[in-house]
Amino acid sequence: MPTPVTVLAAVRGAAETQVVVALGAPDSGARVTRRCGDVVELLAAAAAGAGCVAIVSGDLPGLDRETVTRLHAAGVRVVGLDDGQVAGRLRAMGVDVVLDVASGPAASELVAAVGEAASAVEPASEGPAGAPAVRGAPSPDEAAAAGEPSGQVVTVWGPVGAPGRTTVALELAAHLAGLAGSGARAGRRAGTGRHARPAPAPVAGDVLLVDADTYGSSLAMRLGLLDDAPGLAAACRAAGQGSLDAAALARQCPVVAPGLRALTGLTRAARWPEVPASGLEVVFEQARRIAVWTVVDTGAPIEADELLMYDTHAPQRNAAALASLAAADHVVVVGCADPVGIGRLVRALEDLREAPIAVAAPSVVVVNRARASSVGPRPEAAVREAMARYAGLDDVVVVPDDPGAADGALLAGRSLAEHAPASPARAAIAQVADRLRRAAT
């Protein structure tokens with residue numbers, strides 16, 4: 001006799017009795033092992049291994065994408081009961097099976113939904129956040145075949161010490177958007193918050209610049225935006241509630257130059273728990289739909305020390321950086337061209353290989369602000385020699401220091417591509433964009 005499927009029920013109202021009775025029938029092949037009153041009790045039961053499928057009401061208070069992610073991490077599949085109004089939101093949260101119960105849950109349909117959820121996991125596959133992959137999730141090729149745009153995500157990362165990650169990310173996005181030497185301007189900056197003008201609908205050729213640095217967000221100030229509202233946090237909140245789609249994300253991303261949008265970061269570093277990995281995964285998924293290229297500026301720390309804590313479900317301080325690297329199609333690593341910066345860059349490349357999540361090999365390594373005063377005569381040759389000797393890299397992009405142009409662009413709230421297109425620093429970063437274009441073809 002087959003072992004019955006164990007079920008956790010977190011169902012509101014009269015439907016709870018119907019669920020328990022239907023699954024309690026001798027021939028249902030399932031049994032309810034715990035009736036949970038709220039999300040906290042449901043997560044505790046899942047962590048204790050009390051069931052392998054959870055049935056939840058679509059309007060259960062506290063139910064969001066993070067809850068579904070934690071249930072998946074505990075090996076529990078989720079069946080969501082739709083009253084006719086929340087099916088889309090449940091699917092966006094990552095619920096495995098959505099059952100329409102607008103006219104009341106039929107016993108046969110409940111049993112079939114539980115059976116489908118119990119067999120939904122492909123054991124050999126895991127997603128980037130460690131949650132089991134669910135059968136039926138479309139691959140990138142399938143998504144493209146279905147007519148869904150599939151843009152490229154570029155994550156710009158580097159060691160601590162302000163090597164210029166934000167500057168490289170901005171210039172890279174500007175070049176991918178074709179701003180260099182165009183002289184085109186979007187007019188006055190479209191800020192975020194109460195000063196913002198409505199963002200237009202996304203255009204297929206747009207480039208999106210995302211500030212995912214939860215330690216020192218600076219993209220809004222760097223671009224001279226009128227207000228520094230946390231666009232990324234708002235997008236992650238919408239993702240957690242299952243309401244973030246391409247149009248909703250576009251509304252959070254003002255146009256800062258022709259073809260270039262920006263999703264600003266946190267106003268204060270203390271707000272980092274508002275940017276969980278589960279929310280960022282949805283943000284990047286929708287970003288692929290509204291932009292051909294998504295360039296992500298992220299923070300330096302990628303340690304996962306939280307795994308050593310007694311509470312393994314606590315928010316992870318470096319989740320944003322890890323999720324950004326996990327989602328990347330291309331990784332650009334940035335270091336600074338001085339003795340300390342080179343040493344940090346060499347160690348950072350080792351740390352990246354040992355990261356607690358799967359990370360694509362660096363597409364390009366950039367050594368920024370090369371100058372004779374810090375590395376001696378012929379700075380570019382000195383940097384290349386050092387990287388070949390200590391990191392085993394013969395092919396790096398060396399960006400010459402151009403403080404005058406960089407300071408002028410910062411003061412103007414523009415990219416170098418707009419403010420000083422003849423800058424040698426801009427030309428060097430343009431090489432990075434060209435390499436990424438070739439790699440994407």
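I looked up Glu274 first and found its side chain in a salt bridge with Arg271, at 2.8 Å from N to O. The model is a predicted one. I noted Glu274 as partly exposed, with a relative accessible area of 27%. I then checked for further partners and found a network of salt bridges that links Arg237, Arg271 and Glu274.

Next entry: Asp395. I found its side chain meeting that of Arg435 in a salt bridge, 2.9 Å from N to O. I placed Asp395 in the loop between α15 (379-391) and β15 (397-400), and Arg435 in helix α18 (residues 424-440). The two residues are 40 apart, and the pair links distant parts of the chain. I read a relative accessibility of 48% for Asp395, which counts as partly exposed. Arg435 has 21% and also counts as partly exposed. Since buried means under 20%, I did not enter Arg435, at 21%, as buried.

Next entry: Arg12. I found a salt bridge from Arg12 to Asp59, with 3.6 Å between the closest N and O atoms. Arg12 sits in the loop between β1 (5-10) and α1 (15-24), and Asp59 in the loop between β3 (53-57) and α3 (65-73), so I recorded the pair as tying together parts 47 residues apart in sequence. I kept this pair on the list because the cut-off is 4 Å. Arg12 is partly exposed, with a relative accessible area of 43%. Asp59 is partly exposed as well, at 44%.

Last entry: how many salt bridges does the count come to? I wrote down eleven.

Note on methods: Residues numbered from 1 in each chain as written. Predicted model: local features only at pLDDT ≥ 70, side-chain atom pairs only at ≥ 80, totals over all residues. Heavy atoms only, no water. Helix = DSSP H or I, 4+ residues; strand = E, 2+ residues; numbered from the N terminus. Buried < 20%, exposed > 50% of the residue type's maximum accessible area, 1.4 Å probe, protein only.
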